[in-house]
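Subject: Structure handover and notes

Dear colleague,

I am passing on the structure we spoke about, and I would be grateful if you could read the notes below with the model open beside them.

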Amino acid sequence: MGAAMKRLWLFLSFLIAMPAWALEVVATTASMGMLARSVGGPQVRVTELAPPDRDVHMLQARPSMMRALRDAQLVVAVGAELEIGWLPAAINGAANGAILPGRPGYFEAAAQVPLLDAGLAADRAQGDVHPAGNPHVNLDPARMATIAKALAERLAQFDAANAAGYRERAQGFAAAVETKLPAWKQKTAGSGGAVLYHKDGAYLLHALGLTLHGTLEPVPGVAPTASHLEALAGKLKSKKGLIVHTPYQPPAGAEKLASLAGWKVAVLPIDPPAGADANGYFALIDRWVEALAK
Ligand SMILES: [Zn+2]
């Protein structure tokens, strides 16, 4: 092999060894993964920890999570204690100081926006899993746009060379939300609102200007009781609306309330599919809007 050929070969192997992305990002949920991909573009490689068909409140730290977190430069979490049962343990197990809470490598979506139910007198003794306010910001497209812009700034801290691209993609996401939100509101304008199993869809109802009539859970994280459902049914009489639960929440409470109040039940996910892009997220909002508009 001649010297010139050798140099070319070295150069080519260098290109192959270089990853196409600059940043290893670990997202806790499919919604956070969607946002990281939408803002990060080709500069990030995103791993999602929680499968969207599982209840994020109920997960446990697993070795596979620790392996993913060991190599992460940035963690994108929902926050407000949603992942408290497993993320701190998984981060500790990963032994990666760069992603500890408080470090630049740790980003919480809920910390970027005002939260519903923040400052309520939450009673931990009753089993309330949301003492820091409602963490389920992912179904509010407008809050997600704010979070996208904050995430762009965080990514820019790591990778100043691509800062303009991060900001541009976050702006693009925000512009898409701004275009879609009036149509979503218009479509659901006559809707009577909803009862949710858990307050995981509360932000979307709020964004659409719809009433949350109650939750099947008497307290966030506590399973429905017969007396609670009967009291709720009493409040729903002469009102119209939809009862919504996710695929992983038990359907019995929703069916009981449906028969007591004469309301219909819809089963809707609160996260897009794993690996979704912004269009997958907007399709999820479309599904909720369609169901609520009926
Ligand atoms: Zn919750």
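What follows is a short account of the overall make-up, one helix and its surroundings, and one sheet.

Please bear in mind that this is a predicted model, in which local features need pLDDT of at least 70 and side-chain atom pairs count only at pLDDT 80 or more, while totals for chains, interfaces and linings use all residues. Residues are numbered from 1 along each chain as its sequence is written.

The protein has 10 helices and eight strands, both taken as DSSP runs numbered from the N terminus (helices H or I, at least four residues; strands E, at least two). Its C-alpha trace spans about 85 × 40 × 35 Å along the principal axes. Of the 294 residues, 41% are buried, a residue being called buried if 20 or more other C-beta atoms, placed from the backbone, lie within 10 Å of its own.

Helix α6 covers residues 163–188, and its 26 residues should span 38 Å at 1.5 Å a residue, which agrees with the 37 Å between its end C-alpha atoms; the expected span is 1.5 Å times one less than the number of residues. The helix nevertheless has a kink of about 30° at K180, shortly before the proline P182, where the bend is the angle between axes fitted to the seven residues ending there and the seven starting there. The buried residues of α6 are Y166, R169, A170, F173, V177, W184 and T188, and they pack against α2, α5, α7 and α10, with contact meaning that C-beta atoms, placed from the backbone, lie within 7 Å.

On the α7 side, L208 is found in that helix and is buried because 24 other C-beta atoms lie within 10 Å. Leaving aside residues up to four places away in sequence, L208 touches W184, K185 and T188; from W184 it is 24 residues away in sequence and 7.2 Å away in space, C-alpha to C-alpha.

Turning to the sheet, four strands form an open arrangement in the order β2-β1-β3-β4 with parallel pairing, where two strands pair if DSSP finds at least two bridges between them. β2 (44–48) and β4 (106–108) stand at the edges with a single partner strand each, so one side of each is left without a neighbour in the sheet. Between β1 (residues 23–27) and β3 (residues 74–77) there are three bridges in the parallel sense, and V26 has V75 in β3 as its bridge partner.

With best wishes

Technical notes:
Buried ≥ 20, exposed ≤ 12 C-beta atoms within 10 Å, placed from the backbone. Contact = placed C-beta atoms within 7 Å.
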